[in-house]
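Me: I have a structure to go through. Could we look at it together, one topic at a time?
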Amino acid sequence: MASTEPVTEKMPGKKPNQGSAVGQGSSHGASVGSGGEESRAKVEGENLKENLPPRDPANRDIPWACPDGTFVKLVLETGTGLDKPKEGSLCQVFLEAEPGSPLSYPTHRWAEVELGGGDAEWDGVVDRCLETMLAGEQAKARLAAGGSVTVRLASFTEAKDSWEMSAAEKWDLVLGNKERGGELYRAGDVAAAARRYARALRLLVVAAPPPDYDQIKAELHANLAACQLRLHQPANAACNCTKTLALQPANTKALFRRGLAHDAMNDLEGAAQDLKGVLQVEPGNRAARRELERVMERIRARDAKLARAMQKMFA
């Protein structure tokens, strides 16, 4: 554990904010030398490269933007130590959010949560915030879509990095996230299912490939595409279908879903080609035939409209 007791007040032994060795100016407006500015820029640049918030406690009032653009983190109280939680860490946290916020993690009381174990919309924000925090730290995450959640981290257990895991451990995580994604999709929680499938694919990159590696990877891309179609992300869905088809060219689910994605993006010829591909493999696929007829009708209507416009132009 990074610490053993929940933190209820400011950690002892903290010193007032002071200028650092990189030449930070005082509150009275003292000038900073060019060498100090260069050093500070280098340190801050390294932090940005690692997607880390500023390490200097004097900079705690500087917001840190999550690289995916979902939230901005502001440190309210700095923590201690060097280690941070990782996926799988058991974290003792106190979360504060408005009633009705999309969180499955407990709020307004101390609770133990597993980093990466939540499936609600804001659970991922809490996870990514925790990954940047030290024991004893308190921070506020302001979401780009509106709303905020305050996170206080008392302690956490150590978890393994991916490179420390055995091949069996990595593969168990991949299959566990894939199975959980299927459960969430069937329950209608499509966004949470998409997050699970995406997490499984990230883990798959570092997992030692078993005999059915290509099969599992193809299924994950196809399943993620199904989620993205329902989340109105046709470009992403088409991309994931293409990745499935690179592994399994005759995968009719991927062909069908890419056809729907192309249709949603008004690439009617691309949609028709994919749907015809489904029917070549499965001539009796009624869903593909129905969608193909609808796409062909859209093509005919578009061409007729274009023909009328050309007639008016040259009349």
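**Helix 9 and the sheet**

Reply: This is a predicted model. Asn285 caps the N-terminal end of helix 9, with a side-chain oxygen 3.2 Å from the backbone nitrogen of Ala287.

Me: What should helix 9 span, at 1.5 Å a residue?

Reply: Helix 9 covers residues 286-314, which is 29 residues, so the expected span is 42 Å. The C-alpha atoms at its ends lie 42 Å apart, in agreement with that value.

Me: And which residues of helix 9 are buried?

Reply: They are Ala288, Glu291, Leu292, Val295 and Ile299.

Me: Why would residues three or four places apart point the same way?

Reply: An α-helix has 3.6 residues a turn, so residues with that spacing face the same way.

Me: What covers the buried residues of helix 9?

Reply: The cover includes helix 7 (252-264) and helix 8 (268-281).

Me: Changing topic: how many helices and strands are there in the protein?

Reply: There are nine helices and six strands. The six strands form an open sheet, in the order 1-2-5-6-3-4, with antiparallel pairing.

Me: Which strands are at the edges?

Reply: Strand 1 (64-65) and strand 4 (110-114) are the edge strands, and each of them pairs on one side only.

Me: How many bridges join strand 3 and strand 6?

Reply: Seven bridges pair strand 3 (residues 90-97) with strand 6 (residues 148-156) in the antiparallel sense. Phe94 stands opposite Arg152 of strand 6.

Me: Last one: what percentage of the protein's residues is buried?

Reply: Of the 315 residues, 39% are buried. The accessible surface is about 17,500 Å², and carbon and sulfur atoms account for 53% of this surface.

Terms used
Residues numbered from 1 in each chain as written. Predicted model: local features only at pLDDT ≥ 70, side-chain atom pairs only at ≥ 80, totals over all residues. Heavy atoms only, no water. Pairing = 2+ DSSP bridges. Helix = DSSP H or I, 4+ residues; strand = E, 2+ residues; numbered from the N terminus. Buried < 20%, exposed > 50% of the residue type's maximum accessible area, 1.4 Å probe, protein only. Areas by Shrake-Rupley, 256 points an atom, 1.4 Å probe, with all protein chains shown as cover. Expected span 1.5 Å × (residues − 1). Contact = heavy atoms within 4.5 Å. Polar contact = N/O pair within 3.5 Å; in protein donor to acceptor, adjacent residues only side chain to side chain.
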